[in-house]
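Please look through the sequence and the structure shown below before reading on. The report that follows takes up one topic at a time, and it may help to find each residue in the picture as it is named.

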Amino acid sequence: MHHARFSSTECTRFLDGGCFDAYRFLGAHPYSKNGEKGFVFRVWAPNADRVCVCGDFNGWDPGAHEMRRVFGAFFEARIPGLAQFSAYKY
């Protein structure tokens with residue numbers, strides 16, 4: 001399991017309109033790193049001060065998993081131990 005590389009280059013391509021595969025790095029993607037498995041969530045939210053991931057895995061608590069801002073208006077959160085098909089929203 002791995003997710004697409006997420007870098008300032010990808011962000012620039014996205015913002016310039018030259019990125020036709022944003023689905024590879026935005027959204028929810030499984031990850032496995034150093035024996036830890038879970039999902040990484042990424043979203044572009046240019047008008048947000050903060051973004052959180054909530055779902056059936058945290059009782060729909062909007063403050064349980066706050067995302068960190070990366071590369072300007074892009075936000076990211078890694079949540080270990082999630083099962084595939086967990087319901088979530090930002």
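## An enclosed strand

Strand 5 is largely enclosed by the rest of the structure, because five of its seven residues are buried. The model in which this is seen is a predicted one. Strand 5 covers residues 74-80, and two of its members, F75 and E76, are useful places to begin.

F75 counts as buried, because its relative accessibility is 2%, and buried here means under 20% relative accessible area. Leaving out residues up to four places away in sequence, F75 touches F41, R42, V43, A45, A48, D49, R50, V51, M67, R68, R69 and V70. N58, by contrast, is 17 residues from F75 along the chain, and the C-alpha atoms of the two are separated by 19 Å.

## The sheet around strand 5

How are the strands of the open sheet ordered? The sheet has four strands in the order 1-2-5-4, and their pairing is antiparallel. Strand 1 (27-33) and strand 4 (68-70) are the edge strands, each of which pairs on one side only. From one strand to the next, the twist averages 35°. As a general point, strands of a sheet pair through backbone hydrogen bonds, in either a parallel or an antiparallel way.

Strand 5 runs antiparallel to strand 2, to which seven bridges join it, and it also runs antiparallel to strand 4, where the number of bridges is three. Individual residues show how these pairings line up: V43 stands opposite F75 of strand 5, and R69 likewise stands opposite F75. V70, in turn, stands opposite F74 of strand 5.

## A buried polar pair

Which residue does the side chain of R42 meet in a polar contact? The partner is E76, and the contact between the two side chains is 2.5 Å. R42 has its place in strand 2 (residues 36-44), whereas E76 lies in strand 5, and these are two strands that seven bridges join.

Are these two residues buried or exposed? R42 counts as buried because its relative accessibility is 3%, and E76 is buried as well, with a relative accessible area of 7%. Apart from neighbours within four places in sequence, E76 is in contact with F6, V40, F41, R42, M67, R68 and V70.

## Turns and loops with positive phi

Most residues other than glycine have a negative phi, and it is therefore worth looking at the residues that depart from this pattern. One of them is F71, which has a positive phi of about 50° and sits in the turn of the hairpin that strand 4 and strand 5 form, with three residues between the two strands.

W60 also has a positive phi, near 60°, and its place is in the loop between strand 3 (54-55) and strand 4. F85 has a phi near 75°, again a positive value in a residue other than glycine, and F85 lies in the loop between strand 5 and strand 6 (88-89). As for their surroundings, W60 is partly exposed, with a relative accessible area of 41%, whereas F85 is exposed, with a relative accessible area of 75%.

## Salt bridges

Side chains of opposite charge can pair when their charged atoms come close. How many salt bridges does the structure hold? There are five of them, including one between R50 and E66, whose closest N and O atoms are 3.5 Å apart. R50 lies in the loop between strand 2 and strand 3, and E66 in the loop between strand 3 and strand 4, so the pair ties together parts that are 16 residues apart in sequence. R50 is partly exposed, with a relative accessible area of 48%, and E66 is partly exposed too, with 47%.

Salt bridges that share partners also join R13, D21 and R24 into one network. Within this network, the side chains of R13 and D21 meet at 2.8 Å, N to O, while those of D21 and R24 meet at 3.5 Å, N to O. The relative accessible area is 30% for R13, which is partly exposed, and 22% for D21, which is partly exposed as well. R24, at 44% relative accessibility, also counts as partly exposed.

Notes:
Residues numbered from 1 in each chain as written. Predicted model: local features only at pLDDT ≥ 70, side-chain atom pairs only at ≥ 80, totals over all residues. Heavy atoms only, no water. Pairing = 2+ DSSP bridges. Axes fitted to C-alpha atoms, helices over the stretch in contact; angles between N-to-C directions. Buried < 20%, exposed > 50% of the residue type's maximum accessible area, 1.4 Å probe, protein only. Polar contact = N/O pair within 3.5 Å; in protein donor to acceptor, adjacent residues only side chain to side chain. Contact = heavy atoms within 4.5 Å. Salt bridge = Lys/Arg side-chain N within 4 Å of Asp/Glu carboxyl O.
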